[in-house]
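Trainee: I would like a close look at one part of this model. Please start with the overall layout, then work through that part and what surrounds it.

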Amino acid sequence: MIIAEQKPLKEVADFIKDCNKVLVAGCGGCVTVCLSGGEKETEILASALRIKRRIEGKPLETVTYTATRQCDPEFIEAMESVVRDVDAVISLACGVGPQYLAERYQDKPVYPALNTKFAGGSRTHGVWEEYCGLCGDCILHRTGGICPVIRCPKSILNGPCGGSQNGKCEIGQEVDCVWQLIHDRLKRLGRLDLLKEIAPLKDWSKSRDGGPRRMTREDVMI
Amino acid sequence: MKAFEPQIIAFCCLNCAYSAADLAGSLRLQYAPNVRIVEMPCTGAIDHRVLLQAFEEGADGVFVAGCLEGDCHYLQGNTRAEKRVKALQKILDETGLGGERLEMFNLSTAMGARFAQIANEMTERIRLLGPSPLKSKPKGGGPG
């Protein structure tokens with residue numbers, strides 16, 4: 001999932017300092033799961049903004065709405081009745097949501113309440129880690145299902161580097177050397193032979209090269 | 001001008017603080033009448049939004065009272081509540097309301113006198129802080 005975290009309250013409050021009524025829009029997708037922009041977080045942010053503004057003597061009216069997803073036009077479309085009457089929209093989606101809202105509601109200012117961090121998963125309650133670099137050319141079949149592109153700080157494809165000590169990375173004792181993990185996993189699988197294959201230079205043209213990426217599938221188009 | 005009397009909402013766990021308040025009453029202990037008690041099945045059930053709502057609806061102070069550490073009937077409800085209270089104190093600081101208007105306490109069923117003490121302590125704390133700044137300010141509209 002996409003992992004995001006809330007911006008400081010003051011930053012969000014500053015975005016809407018001239019507004020009297022705002023829509024605080026949550027997203028039922030990834031940010032609900034990573035507890036940063038779901039229904040609950042949306043209501044907490046709305047309440048905090050109302051309290052702050054009341055204390056400042058400029059009361060704020062809020063409307064909250066949590067879309068099933070903010071990255072699908074149909075759910076953005078469904079928000080029209082709640083968007084219509086507000087001065088601005090605060091989106092608690094990842095970076096995709098505010099852009100979909102801005103595109104659909106051209107005359108309405110849209111502000112982000114979250115900083116989108118990375119693609120990853122939860123390790124335990126309240127801890128999320130990066131697992132995927134969205135590089136566009138997955139090599140997990142060669143690395144025992146462990147990604148060196150994003151989990152190795154140097155993105156080394158034929159590791160480890162000289163900074164690997166006692167299974168930890170040189171950047172910090174809390175960071176596992178991913179090439180140690182890959183080695184241990186392949187050993188357990190009896191596939192250490194995979195490490196003897198030298199990985200070629202990575203083709204980054206499938207990553208961020210060439211601007212925003214687009215995927216099309218003719219067979220599901222209607 | 002009428003003297004300020006704080007309005008304090010106490011979210012009390014059924015298994016400890018609520019019974020302690022009951023005991024304080026049975027013991028005929030005197031304590032500040034400013035505290036309004038809301039019974040909870042466990043403080044672990046407390047929600048950030050409920051605490052914020054108490055402030056928005058006019059509470060000058062709020063406290064959450066759960067079991068002693070290690071004594072939660074649901075094992076970790078009280079420690080989870082404490083984490084939520086801390087997170088909310090930070091949010092209240094950011095809003096300008098002040099995190100010191102919210103507090104977490106731990107006590108057992110047998111601690112009737114401690115409940116009375118907490119009620120008095122919290123009342124005095126809020127009395128010194130003064131009325132909630134939200135009280136004199138109009139609402140902008142209902143919660144969404």
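Trainee: How far apart do the C-alpha centres of domain 1 of chain A and domain 2 of chain A lie? After that, please take me through strand S1 of chain B, residues 8-13.

Mentor: Those two centres lie 38 Å apart. Domain 1 of chain A covers 2-118, and domain 2 covers 133-202; such bounds come from an automatic or database domain assignment. This is a predicted model, in which local features need pLDDT of at least 70 and side-chain atom pairs count only at pLDDT 80 or more, while totals for chains, interfaces and linings use all residues. Residues are numbered from 1 along each chain as its sequence is written, and chains are lettered from A and ligands numbered from 1 in the order in which they are written.

Now to your strand. Helices here are DSSP runs of H or I with at least four residues, strands are runs of E with at least two, and both are numbered from the N terminus. S1(B) is largely enclosed by the rest of the structure, because six of its six residues are buried. Buried means that 20 or more other C-beta atoms lie within 10 Å of a residue's own; with 12 or fewer it is exposed, in between partly exposed, and C-beta atoms are placed from the backbone. Neither face of S1(B) is left open: B:Ile8, B:Ala10 and B:Cys12 are buried on one side, and B:Ile9, B:Phe11 and B:Cys13 on the other.

Next, its partners. Two strands pair if DSSP finds at least two bridges between them. S1(B) is joined to S2(B) by six bridges, and the two run parallel. In that pairing, B:Cys13 stands opposite B:Met40. The chain gets from S1(B) to S2(B) through H1(B), a right-handed β-α-β crossover. Right-handed means that, with the strands pointing away from the viewer, the path from the first strand over the helix to the second runs clockwise. The loop between H1 (17-26) and S2 (35-40) of chain B holds B:Arg28. B:Arg28 has a positive phi of about 60° although it is not a glycine. Most residues other than glycine have a negative phi. B:Arg28 counts as exposed because it has 6 C-beta neighbours inside 10 Å.

S1(B) also pairs with S3(B), residues 61-66, in the parallel sense over five bridges. Here B:Ile9 stands opposite B:Val62. B:Asp60 sits in the loop between H2 (48-56) and S3 of chain B. B:Asp60 is buried, with 26 other C-beta atoms within 10 Å. Contact means that the C-beta atoms of two residues, placed from the backbone, lie within 7 Å. Beyond four places in sequence, B:Asp60 touches residues including B:Ile8 of your strand, B:Pro6, B:Gln7 and B:Arg101.

The surrounding core comes next. A nonpolar core is a set of buried Ala, Val, Leu, Ile, Met, Phe, Trp, Tyr and Cys residues joined through C-beta atoms within 7 Å. The largest one has 83 residues, and B:Ala17, B:Ala65 and B:Phe115 have the most contacts inside it. B:Ala65 reaches your strand: among its contacts beyond four places in sequence are B:Ala10, B:Cys12 and B:Cys13. A second, separate core has six residues, including A:Cys152 and A:Trp179.

H2(B) leads on to the other chain. Its buried residues are B:Leu51, B:Leu52, B:Ala54, B:Phe55 and B:Glu56. Their cover includes S1(B) and also H3 of chain A. B:Gly58 follows H2(B), with a positive phi near 120°.

The contact between the chains takes 23 residues from chain A and 19 residues from chain B. H1 (9-15), S2 (21-27), H3 (39-55) and S3 (61-67) of chain A each give two or more residues to the side that touches chain B. H3(A) gives the largest share, twelve residues. By class, that side has ten nonpolar, four polar and nine charged residues. Ala, Val, Leu, Ile, Met, Phe, Trp, Tyr, Cys and Pro count as nonpolar, Asp, Glu, Lys and Arg as charged, and the others, Gly among them, as polar.

For contrast, look at pairing in chain A. S6(A), residues 114-124, pairs with S1(A), residues 2-6, in the antiparallel sense over five bridges. S6(A) and S7(A) run antiparallel too, joined by five bridges. They form a hairpin with two residues between them, and A:Gly126 in the turn has a positive phi of about 90°.
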